[in-house]
Amino acid sequence: MATQSPFSFLNSLAERVVHTVQPPQWLVHETQQRVVLFLNHVLMQEKAATERLVRQKGRVARVQWRSFNMALLITPAGLFNLAPEGAAPDLLLEIADSNPLALAQSALRGDKPAIRIEGDVQLAADIHWLVDNVQWDVEEDLARVIGDAPAHMIGSAARKLAQGLRQFVGARMGGQQAATGSVPVVVEPESRPPQ
């Protein structure tokens with residue numbers, strides 16, 4: 001009898017939690033507000049990012065995973081705000097992998113999740129540019145609070161920890177992917193005819 005991987009137990013547990021636990025609406029809204037604040041904080045550190053988004057002002061991008069979704073309205077300042085309830089998205093980004101543990105393992109490896117993209121091609125290209133080119137400078141933000149030297153030490157330790165986690169997960173998952181033949185696929189954007 002073959003032994004079962006501990007990852008399969010965690011996987012089934014994560015699946016059950018996601019299916020049964022539904023957070024209250026106020027918590028969802030507050031979490032979305034915090035995500036918007038964080039995204040805008042990161043965007044404001046990169047002038048080229050806000051300049052790109054200014055061209056898309058008034059457009060709505062919806063990110064969806066399972067039953068969770070978040071619609072973002074692009075403001076005239078080139079930042080994000082929560083879109084009004086029921087706003088029709090110009091772009092839909094749906095995370096294809098429904099397994100929360102697989103998504104976490106993929107993120108630890110540094111891989112991007114497989115995404116189904118539908119809608120405006122130019123908006124999709126600008127969002128893709130943001131994902132590839134804008135990064136949160138944790139050390140800089142931390143240095144404002146605790147100083148340059150301690151922030152650099154913490155940043156260095158965090159990078160080493162992240163590298164170790166990626167190697168650990170990569171080594172563990174590399175064998176599983178080879179055995180199952182599964183490889184994540186990213187779907188290219190589809191254009192929608194003008195309306």
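A search of the whole structure, which is a predicted model, turns up one aromatic pair. The partners are tryptophan 65 and phenylalanine 68, whose ring centres lie 6.0 Å apart. A pair of aromatic rings is described by the distance of the centres and the angle of the planes, and here the planes are 15 degrees apart. Because planes under 30 degrees apart count as stacked, the pair of tryptophan 65 and phenylalanine 68 is assigned to that class. The two partners can also be described by their exposure to solvent. Tryptophan 65 has a relative accessible area of 15% and is buried, since the limit for burial is under 20%. Phenylalanine 68, at 30%, is partly exposed.

Turning to the chain as a whole, the model contains seven helices and five strands. Their order along the sequence is α-α-α-β-β-β-β-α-β-α-α-α. Of the 195 residues, 27% count as buried. The accessible surface of the chain amounts to about 12,800 Å², and carbon and sulfur atoms contribute 61% of this area. Among contacts with a separation of 6 or more, 68% join residues that are 24 or more positions apart.

One helix packing is worth following in some detail. Helix 3, spanning residues 47-54, and helix 5, spanning residues 121-133, have axes that come within 10 Å of each other. The axes cross at roughly 170 degrees. Angles over 145 degrees count as roughly antiparallel, so helix 3 and helix 5 are placed in that class. On the side of helix 3, the contact is made by Ala48, Ala49, Arg52 and Leu53. These residues meet Asp126, Trp129 and Leu130 of helix 5. By character, the residues of this contact comprise five nonpolar and two charged, with no polar ones.

The loop that follows helix 3 brings in a further residue, glutamine 56, which lies between helix 3 and strand 1 (60-65). Is this glutamine 56 buried or exposed? Its relative accessibility is 5%, and because burial requires a value under 20%, glutamine 56 counts as buried. Leaving aside residues up to four places away in sequence, glutamine 56 touches Ile74, Gln122, Leu123 and Asp126. Asp126 thus appears in two settings: Asp126 is one of the helix 5 residues that meet helix 3, and Asp126 is also among the residues touched by glutamine 56.

Key:
Residues are numbered from 1 along each chain as its sequence is written. This is a predicted model: local features need pLDDT of at least 70, side-chain atom pairs count only at pLDDT 80 or more; totals for chains, interfaces and linings use all residues. Side-chain values use heavy atoms; hydrogens and water are left out. Helices (H or I, at least four residues) and strands (E, at least two) are DSSP runs, numbered from the N terminus. Buried means under 20% relative accessible area, exposed over 50%, partly exposed in between (1.4 Å probe, protein chains only). Contact means heavy atoms within 4.5 Å. Accessible areas come from the Shrake-Rupley method with a 1.4 Å probe; for residues, only the protein chains shown count as cover. Rings of Phe, Tyr and Trp (its six-membered ring) pair if their centres lie within 6.5 Å; planes under 30 degrees apart count as stacked, over 60 as edge-to-face and the rest as tilted. Axes are lines fitted to C-alpha atoms, for helices over the stretch in contact, and angles run from 0 to 180 degrees between N-to-C directions. Angles under 35 degrees count as roughly parallel, over 145 as roughly antiparallel, 65 to 115 as roughly perpendicular and the rest as oblique. Ala, Val, Leu, Ile, Met, Phe, Trp, Tyr, Cys and Pro count as nonpolar, Asp, Glu, Lys and Arg as charged, and the others, Gly among them, as polar.
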